[in-house]
Amino acid sequence: MASQRSLPSAPGGAGTRYRDLLLRGGPFIALVILCVFLSMATPHFATLDNMFNITRQSAFTAILAVGQTFVILTGGIDLSVAAVAALSACVTTVLLTTPLVLFGYDFGILPAPLAIAIGLGVGCACGALNGWIIARFKIPDFIATLGTMTVLRGVALIVTDGLPVPSFQSMSSGAALPSALIQAGSGSVLGIPISAIIALIVALAGFYILRYRALGRAIFAVGGNREAARVAGIDIGRTKIMAYMISGLTAAIAGLIMVGRLNSANALMADGEELRSIAAVVIGGTNLFGGEGGVIGSLVGAVIIGVLNNGLNLLNVSPFWQRIVQGLVIVLVVIFDQWRRRKTAGGN
Amino acid sequence: MTATVLRPSAAPPAGAPVLLRLESIEKAFVGVRALKGVSLELLAGEVQMLLGENGAGKSTLMKILAGEYAPTAGRIVVRGREVAGLTPDSAKALGIGLIHQELSLVPALSVAENICLGRMPTNRFGQIDWKRAHELAAEAVGRLGVAIDPGAEVGRLQIAEQQLVEIARVLEWNPEILLLDEPTSALSDAERERLFAVIRRLKERGVGMIYISHHLAEIPMIADRVTVLRDGSVVGTILPDEADEDRCISMMVGRSLEDQFPKPVVAKGAPALEVAGLSAGKTLQDLSFTLHQGEILGIFGLMGAGQEEVAAALFGLQKSRGRIRINGQDRGIRTPADAIAQGLGLLTRDRRQSLVPMLTVGPNLSLPWLSNRSPWSALQHRRESEEVQRYIADLKIRPATTTTPVRFYSGGNQQKVILARWMSSGASILVFDEPTRGIDVGAKADVFALMGDLVQRGMSVLMISSELNELIGMADRVLVMRGGRVSAELGRHELSQEALLRHAS
């Protein structure tokens with residue numbers, strides 16, 4: 001009997017599954033508590049309309065956060081996601097509203113699928129550039145993406161000439177964004193916002209890659225212990241580049257969804273969203289130093305941020321105070337998370 | 001003065017007061033009991049030598065005394081008064097000084113800054129008095145009989161010089177209880193002699209010292225008493241006259257050498273790995289050898305002799321020149337993925353270099369399966385769980401669960417996980433780089449038994465080690481390295497501690 005009692009002190013004993021649940025379920029528990037509180041605080045919160053409203057508002061951050069999770073899991077950080085989203089959105093919308101002239105050939109206005117594909121391709125290429133700079137020149141991820149963030153905003157300004165797209169000029173000549181794009185941002189199916197459905201699909205795809213593909217495992221290994229990944233024959237540079245490409249791709253998807261919601265793009269759109277995406281990832285329980293976490297948590301993290309926004313609006317909290325509350329919540333959630341990790345992982 | 005210097009070891013005066021008493025000190029880390037009730041007494045003016053294999057708990061005990069770890073149970077009594085909740089600061093206030101094995105210097109700062117760290121001399125205006133700091137530092141190292149530039153950056157000094165700076169720094173605040181954790185491991189004979197002179201002076205002042213060393217030859221030079229630790233417990237305390245090498249080793253190991261090293265008789269097969277003219281890094285030059293199937297080939301060298309670079313060069317972790325033939329065919333190995341594809345496996349010197357701490361056994365085991373595969377290929381979850389079950393049973397990996405992150409495993413079990421990894425990846429040539437560093441005696445015997453198993457299955461083992469005993473116990477041949485080159489090749493019947501050391505230095 002005595003020996004039985006001493007066993008669980010070693011990790012991996014009977015308590016592991018329960019601890020695991022607590023560790024993984026933490027952000028979800030926080031979300032439930034937040035929702036219960038807001039339902040009691042205001043009658044306008046727990047309505048179906050408001051729920052859809054929240055998911056629509058969270059979709060953009062959620063999609064960015066999925067890609068951001070890949071990067072953070074490798075131990076990196078992608079500050080350029082919002083700039084990539086803006087650039088991809090601008091490229092696609094410009095191609096959809098102004099005739100493309102290349103090397104003297106006039107391609108006219110590109111068909112919507114092609115323009116969207118090019119926008120997504122731009123996102124991937126930006127991600128590849130980030131990853132390549134980091135892998136090739138061995139500079140910190142933070143610095144590299146801080147640089148590309150600024151550069152890509154500049155490129156977006158050049159592409160759009162600093163004007164919103166479609167501009168008044170192009171609109172007067174009959175240019176308009178295709179309805180598919182508008183639907184993706186603002187439409188809904190059976191009341192469920194299409195943007196939220198897309199966010200869910202992106203997150204599931206991310207989950208699938210992390211859980212079932214070699215790349216996912218390599219990402220965890222590189223972030224968990226770079227040197228060990230190298231000794232095991234994993235190509236660290238390639239893994240990093242691919243993680244950044246995925247981040248670039250999700251940023252482009254998010255950018256196009258924002259275009260659909262706003263019916264317009266401009267070079268400075270989604271300002272500050274990179275920090276929000278990082279906050280969503282961290283709130284979702286992914287370790288900022290890499291190696292631990294996942295996209296489902298980030299999805300929950302994005303929704304927590306959305307619910308908080310929405311709740312504070314419903315409670316008529318002044319926008320000045322909203323910033324303070326949001327910032328504090330991020331810090332508190334992470335403090336709680338660290339504490340819980342120590343409790344669950346530290347054993348005795 | 002001269003009389004005491006001539007006497008190699010002056011015993012502490014009879015009836016010297018007890019400076020320090022440890023009663024049943026226990027320390028448990030997650031998954032490992034590092035100390036299982038250690039009791040000992042240290043007298044004023046005594047040098048008590050602490051012996052024990054790697055992982056016996058010596059360094060843990062020292063860190064507890066220095067307030068760096070908190071004991072799980074037990075009492076610490078300093079000068080008759082029990083102290084509880086030691087912190088590094090309170091240990092210092094009690095006059096306990098620890099000279100670390102892994103140096104605790106700040107590499108980017110100068111010698112003077114390191115020695116005066118935390119109490120830089122200042123002038124009237126509160127500005128740092130650099131002149132005074134340099135004088136203090138020069139004096140401190142001067143007392144050790146060496147001249148090291150106080151302005152030199154510590155990270156650029158040689159290891160031996162860094163070790164001396166570490167010693168000078170601790171001596172600088174006159175501790176009464178001094179803990180020396182392998183202070184001579186990087187020192188030359190002359191430097192060691194000067195350190196011993198300092199130790200003898202401290203003895204006269206009544207300082208009590210616990211002295212950890214692997215060099216049994218130092219016992220008659222310096223020790224008053226010898227205490228042996230094994231597996232976290234005190235085996236016994238004996239006088240230097242009784243502490244001959246055989247007795248010490250059998251106390252440390254707790255069994256005869258034959259049991260410790262189950263060396264199977266295996267017929268040498270075809271050449272598996274042929275290396276010609278391998279050069280890498282700053283030291284390794286022109287290494288050539290042939291490793292046969294079923295053979296354990298040892299490589300021995302003192303610190304900086306080039307053996308540290310061999311594993312990294314062979315495994316593509318470091319740029320190298322030279323020819324590598326595997327099973328009779330020329331193979332260029334530029335990356336670890338190349339090495340793995342050619343059937344090589346590496347057990348790194350530092351296990352932290354091999355494992356992803358937060359992942360469980362499964363992902364750590366299957367990690368090399370991902371090399372040379374497309375990033376989009378599917379993970380082999382089923383094969384992984386089957387092999388994990390099999391290796392946990394075969395290699396007796398404990399805890400025998402599949403849900404515990406490997407950071408909670410003891411050193412020996414981590415080593416088994418890494419071994420299982422290479423067995424599962426189909427490696428036929430295994431490079432063991434310091435295979436038993438930091439694992440306990442029981443696990444060591446397991447690792448050696450596995451090594452014997454591997455060669456019986458026709459695999460080949462390259463064993464790079466600085467532990468003389470394990471090379472003598474396990475290797476069929478040993479290449480001794482000196483100054484980056486092979487200085488001797490010794491067959492199994494020629495292996496002895498003296499022969500290995502003679503060719504290495």
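Begin with both chains on screen and select the contact between them, to which chain B gives 38 residues and chain A gives 31 residues. The model in the viewer is a predicted one, and what follows should be read with that in mind. Putting the two chains together buries about 2900 Å² between chain B and chain A, and 64% of that area lies on carbon and sulfur atoms.

Next, look for charged pairs that cross from one chain to the other, where the count is 1 salt bridge. To find this bridge, select A:Arg217 and B:Glu384, whose side chains meet at 3.0 Å, taken from N to O. Beyond this pair, 13 residue pairs are in polar contact between chain B and chain A, counting those in which both residues are at pLDDT 80 or more.

Now hide chain A and colour the helices on the side of chain B that touches it: helix 12 (336-341), helix 13 (361-366), helix 14 (381-394) and helix 15 (411-424) of chain B each supply at least two residues there. Helix 12 of chain B accounts for the largest share of this side, namely 3 residues. If you recolour the touching side of chain B by residue class, you will find 22 nonpolar, 11 polar and 5 charged residues.

With chain B still selected, colour by domain, taking domain 1 as 2-95 + 175-254, domain 2 as 105-174 and domain 3 as 259-504. A distance drawn between the C-alpha centres of domain 2 and domain 3 of chain B comes to 40 Å.

Then move to the loop between helix 14 and helix 15 of chain B, and select B:Thr404, which is placed in that loop. Is B:Thr404 buried or exposed? With a relative accessible area of 1%, B:Thr404 falls under the 20% limit and is therefore buried. Show its side chain together with that of B:Thr401, since the side chains of B:Thr404 and B:Thr401 are joined by a polar contact of 2.7 Å.

The last part of the tour concerns salt bridges within the chains; over all chains, the count comes to 28 salt bridges. In chain A, select A:Lys240 and A:Asp141, which form a salt bridge with their closest N and O atoms 2.6 Å apart. This pair links distant parts of the chain, as A:Lys240 sits in helix 12 (residues 236-262) of chain A and A:Asp141 in helix 6 (residues 141-160) of chain A, 99 residues apart. Switch on a surface here, and note that A:Lys240 counts as buried at 4% relative accessibility, while A:Asp141 also counts as buried, at 12%.

Return to chain B and select B:Arg75 with B:Glu82, a salt bridge in which the closest N and O atoms are 2.5 Å apart. Here B:Arg75 is partly exposed, with a relative accessible area of 33%, and B:Glu82 counts as partly exposed at 43% relative accessibility. Extend the selection to B:Arg21 and B:Glu23, and you will have a network of salt bridges that links B:Arg21, B:Glu23, B:Arg75 and B:Glu82.

Finish at B:Asp330 and B:Arg325, which form a salt bridge whose closest N and O atoms are 3.5 Å apart. In this pair B:Asp330 counts as partly exposed at 44% relative accessibility, and B:Arg325, at 23%, counts as partly exposed because its value lies between the limits of 20% and 50%.

Note on methods:
Residues are numbered from 1 along each chain as its sequence is written. Chains are lettered from A and ligands numbered from 1 in the order in which they are written. This is a predicted model: local features need pLDDT of at least 70, side-chain atom pairs count only at pLDDT 80 or more; totals for chains, interfaces and linings use all residues. Side-chain values use heavy atoms; hydrogens and water are left out. Contact means heavy atoms within 4.5 Å. Buried area is the accessible area (1.4 Å probe) that two parts lose on being put together, summed over both. A salt bridge is a side-chain nitrogen of Lys or Arg within 4 Å of a carboxyl oxygen of Asp or Glu. A polar contact is a pair of N or O atoms within 3.5 Å; within protein, one must be able to donate a hydrogen and the other to accept it, and residues adjacent in sequence count only if both atoms are side-chain atoms. Helices (H or I, at least four residues) and strands (E, at least two) are DSSP runs, numbered from the N terminus. Ala, Val, Leu, Ile, Met, Phe, Trp, Tyr, Cys and Pro count as nonpolar, Asp, Glu, Lys and Arg as charged, and the others, Gly among them, as polar. Domain bounds come from an automatic or database domain assignment. Buried means under 20% relative accessible area, exposed over 50%, partly exposed in between (1.4 Å probe, protein chains only).
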